Amino acid sequence: MSKGVAIVIILFFWFCVFCSLYSYFLYPLLLLIGVKKYAKASVITNPRTDHLLNYSLIVTAYNEAQRIEEKIINLLALQFDPARLELIIASDCSDDGTDALVASFSDRGIVLVRAPQRLGKENAQWSAIQRATGDVLVFSDVATLMQVDAIEKLDRHFQRGDVGAVSSEDRFVGTPGAVAGEGFYVRYEMWLRRQESRLGGLVGLSGSFFAARRDLCRQWDIHSPSDFNTALNCARASLQSISAPDVLGFYADLKDPSKEYTRKVRTVLRGMTGLSRHLEVLNVSRFGFYAVQVFSHKLMRWAVPWFLLALLLVSASLAGVGGFYRLALIGQILFYATAGLAHLSERMRALAPIRLIYFFVQVNLALMDSALKFFSGTRMTTWKPSAR
């Protein structure tokens, strides 16, 4: 290998290192600096009491006969002025008796809105939006349970006139019913959201439980994830989309852990589809720092597995150049071998550091799989909720 070629390959090695680390480590540092210098107020200094907001809570369901009653009971237990709260179940053409179960609660204020045809979650939500009368629309999934004071807490956040949308924070519940450990990755994502809330706004809301002012839902794209599209609509309107640590959405782990990978692929594929339909959000001159956040949190995160693959290959080509690059190659091989062994051994996955390595590799394999599907033309519109 000539000296000139070696220099080019070494530069490419460090480029791959930078890009692999950027989304997970360097972008959070950028957020911390931005929050320190430019953070927007996160508290209500002068709460409004002259105008009370009405709320429409929309729950999207497809073939949820087994658990729709539990969700409805959760909705009916919410402690909020019933004159200001409308409860809607949006059925995506369910055919398992879900609609009949929902209709049986009509005398208790539950409204059933059935989509005219099965075109996916966002289309069912759009059918409900056109029926809803609230000033603020709250979106939730059947699998997500809310605390009794959830709407009261949302209402306090919407007293800020600059807030257009509020996202809940996710909490997992273990099988016995006790709240499970969130996991490092989930805590990390929730931390990122809090920082983004104080700058350009959230890149994406929690798809299982979020709320937005009605006006922001008029421009509704049924082919883009509603959590991303709503955050984008907030940025378009120069309003804040914020993460609310006091508004929690509880949902159980998947019954079949092997389906978690499929869920990740489905979620990322839908996210890629949504961003591809709204590339204008990457225009810094129009969206300012919010465009940087979308680029950093979405595009660069999705590109990580490809940078990691390139890093592995370039490390192999540099192994003979010097001891540092040889160690870099050995370290990567051991890292991926650990993930492979963890996949085969439940006992190894019980160890926290190894579980984190395994989860990281699994996430990036899902990202790579999603990208391959996306660029091959695969799209997902209809949906089937994961069994929990």
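## A kinked first helix

Helix 1 has a kink of about 75 degrees centred on Tyr-22, where the bend at a residue is the angle between axes fitted to the seven residues ending there and the seven starting there. This is a predicted model, in which local features need pLDDT of at least 70, side-chain atom pairs count only at pLDDT 80 or more, and totals for chains, interfaces and linings use all residues. Residues are numbered from 1 along each chain as its sequence is written, and side-chain values use heavy atoms, without hydrogens and water.

The end-to-end span of helix 1 fits this picture. Its residues 3–38 cover only 46 Å between the end C-alpha atoms, while a straight helix of 36 residues would span 52 Å at 1.5 Å a residue (the expected span being 1.5 Å times one less than the number of residues). Helices (H or I, at least four residues) and strands (E, at least two) are DSSP runs, numbered from the N terminus.

## The sheet and its edges

Now to the sheet: it is open, with 8 strands in the order 3-2-1-4-7-6-8-5 and mixed pairing. Strand 3 (110–114) and strand 5 (145–146) each have a single partner strand, so one side of each lacks a neighbour in the sheet. Two strands pair if DSSP finds at least two bridges between them; strands 5 and 8 (residues 240–252) are antiparallel over 2 bridges, with Met-146 opposite Gly-249.

## Strand 4, covered on both faces

In strand 4 (residues 136–141), 6 of 6 residues are buried, meaning under 20% relative accessible area with a 1.4 Å probe, protein chains only. Val-136, Val-138 and Ser-140 lie on one side, and Leu-137, Phe-139 and Asp-141 on the other.

Strand 4 runs parallel to strand 1 (residues 55–61) over 6 bridges, and Thr-60 stands opposite Asp-141. Strand 7 (residues 209–213) is antiparallel to strand 4, joined by 5 bridges, and here Leu-137 faces Ala-212 across the pair.

Methods:
Buried < 20%, exposed > 50% of the residue type's maximum accessible area, 1.4 Å probe, protein only.
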